[in-house]
Amino acid sequence: MLHVVLYEPEIPPNTGNIGRLCHATDTRLHLIEPLGFDVDERSLKRAGLDYWGELDLRIWPSWEDLLGSANVSGRYWLFTTKTNRVYWDAKFADGDALVFGPETRGLPKSLLASRPDDCLTLPQTRGRSLNLATAAGIGLFEAKRQLKGMAQA
């Protein structure tokens, strides 16, 4: 199983859309507190539609609590604009976690510095960073493609 980790997410519709993505791909979603919203928030559930209640969701009080658990058995891949290593160069494995930072500031510099070999970027030619839900979808589907873990329709 793959994991998507949202580190201190701020915008409920992004988290709802990522929840829907995780539900559709049989991926566990982890949310690291503090959250910028209440998980009962209407806009969060609207974006996740009726799948929110069926989502494999874990909420953690801190990054350290997630690391100390046995929930993720693989590598933690940190998605950031502050690296040159492109996501398609990573070798994803079952049990890996794709970690995304908050929408307005990304992952903390200290976290990126502590795991430089685990940092990945989505290349962009110009402009601001991609929407969080879009970035999570791109990364997750590349991992799924490499693992060939999705049933073909």
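**Exercise 1. Locate aspartate 96 and describe its surroundings.**

Solution. Step 1: aspartate 96 sits in the loop that joins β4 (76-79) to β5 (97-100). Helices (H or I, at least four residues) and strands (E, at least two) are DSSP runs, numbered from the N terminus. The model is predicted: local features need pLDDT of at least 70, side-chain atom pairs count only at pLDDT 80 or more, and totals for chains, interfaces and linings use all residues. Residues are numbered from 1 along each chain as its sequence is written, and side-chain values use heavy atoms, with hydrogens and water left out.

Step 2: aspartate 96 is buried, where buried means under 20% relative accessible area, exposed over 50%, and partly exposed in between (1.4 Å probe, protein chains only).

Step 3: look for a charge partner. Aspartate 96 has no salt bridge, a term for a side-chain nitrogen of Lys or Arg within 4 Å of a carboxyl oxygen of Asp or Glu. The nearest side chain of opposite charge, arginine 75, is 6.6 Å away; Lys and Arg count as positive and Asp and Glu as negative, while His and the chain ends are not counted.

Step 4: look for a polar neighbour. A polar atom of the aspartate 96 side chain lies 2.8 Å from the backbone nitrogen of alanine 93.

Step 5: list the contacts (heavy atoms within 4.5 Å). Not counting residues up to four places away in sequence, aspartate 96 touches Met1, Leu2, His3, Gly74, Arg75, Trp77 and Lys91.

**Exercise 2. Is leucine 2 buried or exposed, and which residues is leucine 2 in contact with?**

Solution. Step 1: leucine 2 belongs to the segment before β1. Step 2: leucine 2 counts as buried because its relative accessibility is 2%. Step 3: beyond its neighbours within four places in sequence, leucine 2 is in contact with Thr27, Arg28, Ala93, Asp94, Asp96, Leu140, Ala143, Lys144 and Leu147. Step 4: leucine 2 and alanine 93 are 91 residues apart along the chain, and their C-alpha atoms are separated by 8.1 Å.

**Exercise 3. Give the strand order of the sheet and trace the pairing of β4 and β5.**

Solution. Step 1: 6 strands form an open sheet in the order β3-β2-β1-β5-β4-β6, with parallel pairing; two strands pair if DSSP finds at least two bridges between them. Step 2: β3 (57-60) and β6 (119-120) are the edge strands, each pairing on one side only.

Step 3: β4 and β5 pair over 3 bridges. Tyrosine 76 stands opposite alanine 97, and leucine 78 opposite valine 99. Step 4: β1 and β5 pair over 4 bridges, with valine 5 opposite valine 99. Step 5: β4 and β6 pair over 2 bridges; leucine 78 faces cysteine 119, and phenylalanine 79 has leucine 120 as its bridge partner.

Step 6: check the faces. In β5, Ala97 and Val99 on one side and Leu98 and Phe100 on the other are all buried. In β4, Tyr76 and Leu78 on one side and Trp77 and Phe79 on the other are all buried.

**Exercise 4. Which elements give two or more residues to the largest nonpolar core?**

Solution. Step 1: a nonpolar core is a set of buried Ala, Val, Leu, Ile, Met, Phe, Trp, Tyr and Cys residues joined through side-chain atoms within 4.5 Å. Step 2: the largest one has 28 residues, and Val4, Leu6, Ile18, Leu29, Phe79, Phe92 and Phe100 touch the most other members. Step 3: the elements are β1 (3-7), α1 (12-25), β2 (28-32), β4, β5 and α5 (132-147). The largest share, 6 residues, comes from α5.

How values were computed
Polar contact = N/O pair within 3.5 Å; in protein donor to acceptor, adjacent residues only side chain to side chain.
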